[in-house]
2 protein chains.
Amino acid sequence: MDFELDKSYEILRRTPAVLRSLLSGISEEWTMSNEGPDSFSPYDVVGHLIHGEKTDWPDRARMILQHGITQTFVPYDRFAMFEESKGKTLGTLLDEFEIVRNNNLAWLESLNLSPVELASKGIHPSFGEVRLDQLLATWVVHDLTHIAQIGRVMAKQYKGAIGPWTEFFRILNF
Amino acid sequence: MDFELDKSYEILRRTPAVLRSLLSGISEEWTMSNEGPDSFSPYDVVGHLIHGEKTDWPDRARMILQHGITQTFVPYDRFAMFEESKGKTLGTLLDEFEIVRNNNLAWLESLNLSPVELASKGIHPSFGEVRLDQLLATWVVHDLTHIAQIGRVMAKQYKGAIGPWTEFFRILNF
């Protein structure tokens, strides 16, 4: 499947509602449990997504458009939410994510990006030259893989409860 | 996390809305693409979940309650939806899933299952004795792992579009 801006928006627009329908109002045993040391709970993931909206995706897109390959992206802090989410409820985070995501998409749409702009390049700190369309596709994939992660992490909480059925769920043995 | 009926309902009740918010109205390239031969597209997964509601979860629960270990569950046909979904739109399947799921949950709640009933046993065709609470926990895990699967399958469609970022997404290399 080739990159298309419209098909990317289809996913990026929906993620706040997906997370809300999955997580809003359920017990903390589902939302605050993780997969072990250094792993993310669903609550952590929502904070991580907020951090990306505030510091990563729009900043990198702006840097490509304004500075091209003359500047290198700031490395992404994948653990910033452990501090930033402190004291906030999951409901607050879900609201916050919806707001920052909607603001970012409104900004992105206002740019009316041309094919030439979408092919313009920036410098990633790990692997060098990347195109704007690759950055935007990664934003989409990042959403989808974190939705997948949340489903997996929640499923794992019932690993003991399903008894012999564990053998049918490869995903629980990761 | 131990099995609790209320915490199981929290997930089972939400899945139709989660799938609707994730899949309703998006392009067929997202919903009809799979991971290769013999794998499921998001469209296939919704049909598979409907089949489970119609023939698997409630029938097995009923069999445990009525016949205990004197009858063996009918093996689950994991590919039935390839026939049953034919000619139906994804929108139709999402509607259908919501209806059959809601009906099954209304039935299950009407039973007011006691702890003794939840511990009652049936016979699984592959691994023998299983408890009703294990069956219900598996229903929950089945939902969550299929949500995870849908996120993963959709993410994979953009594998080529993200360029060098593939190295950061372990999930795309499954």
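How far should the 14 residues of helix α3 (residues 42–55) of chain A span at 1.5 Å a residue? The views below, all from a predicted model, start with that helix.

**View 1. The span of helix α3 in chain A.** The expected span is 20 Å for its 14 residues, at 1.5 Å a residue. The end C-alpha atoms lie 20 Å apart, which agrees.

**View 2. The surroundings of α3(A).** Of the 14 residues of α3(A), 12 are buried, so the helix is largely enclosed by the rest of the structure. Among them are A:Tyr43, A:Val46, A:Leu49 and A:Ile50. A:Asp44, A:His48 and A:Glu53 are buried too. The cover includes α1 (5–23), α2 (28–31) and α4 (57–67) of chain A. It also includes α5 (81–84), α6 (90–110) and α8 (132–156) of chain A.

**View 3. The fold of chain A.** Chain A has 8 helices and 2 strands. From the N terminus on, the order is α-α-α-α-α-α-α-β-β-α. The C-alpha atoms fill a box of roughly 55 × 35 × 30 Å along the principal axes. Buried residues make up 56% of the 174 residues in chain A.

**View 4. The axis between chains A and B.** A turn of 180° and a shift of 0.0 Å along the axis lay chain B on chain A, with an RMSD of 0.0 Å. That is the relation of a two-fold axis. In chain B, the C-alpha nearest the axis belongs to B:Ala148, 1.8 Å from it.

**View 5. The interface of the two copies.** 100% of the interface residues of chain B are also interface residues in chain A, so the copies meet through the same surface.

Methods. Residues are numbered from 1 along each chain as its sequence is written. Chains are lettered from A and ligands numbered from 1 in the order in which they are written. This is a predicted model: local features need pLDDT of at least 70, side-chain atom pairs count only at pLDDT 80 or more; totals for chains, interfaces and linings use all residues. Side-chain values use heavy atoms; hydrogens and water are left out. Helices (H or I, at least four residues) and strands (E, at least two) are DSSP runs, numbered from the N terminus. The expected span of a helix is 1.5 Å times one less than its number of residues. Buried means under 20% relative accessible area, exposed over 50%, partly exposed in between (1.4 Å probe, protein chains only). Contact means heavy atoms within 4.5 Å. Copies are superposed by least squares on the C-alpha atoms of residues with pLDDT of at least 70 in both.
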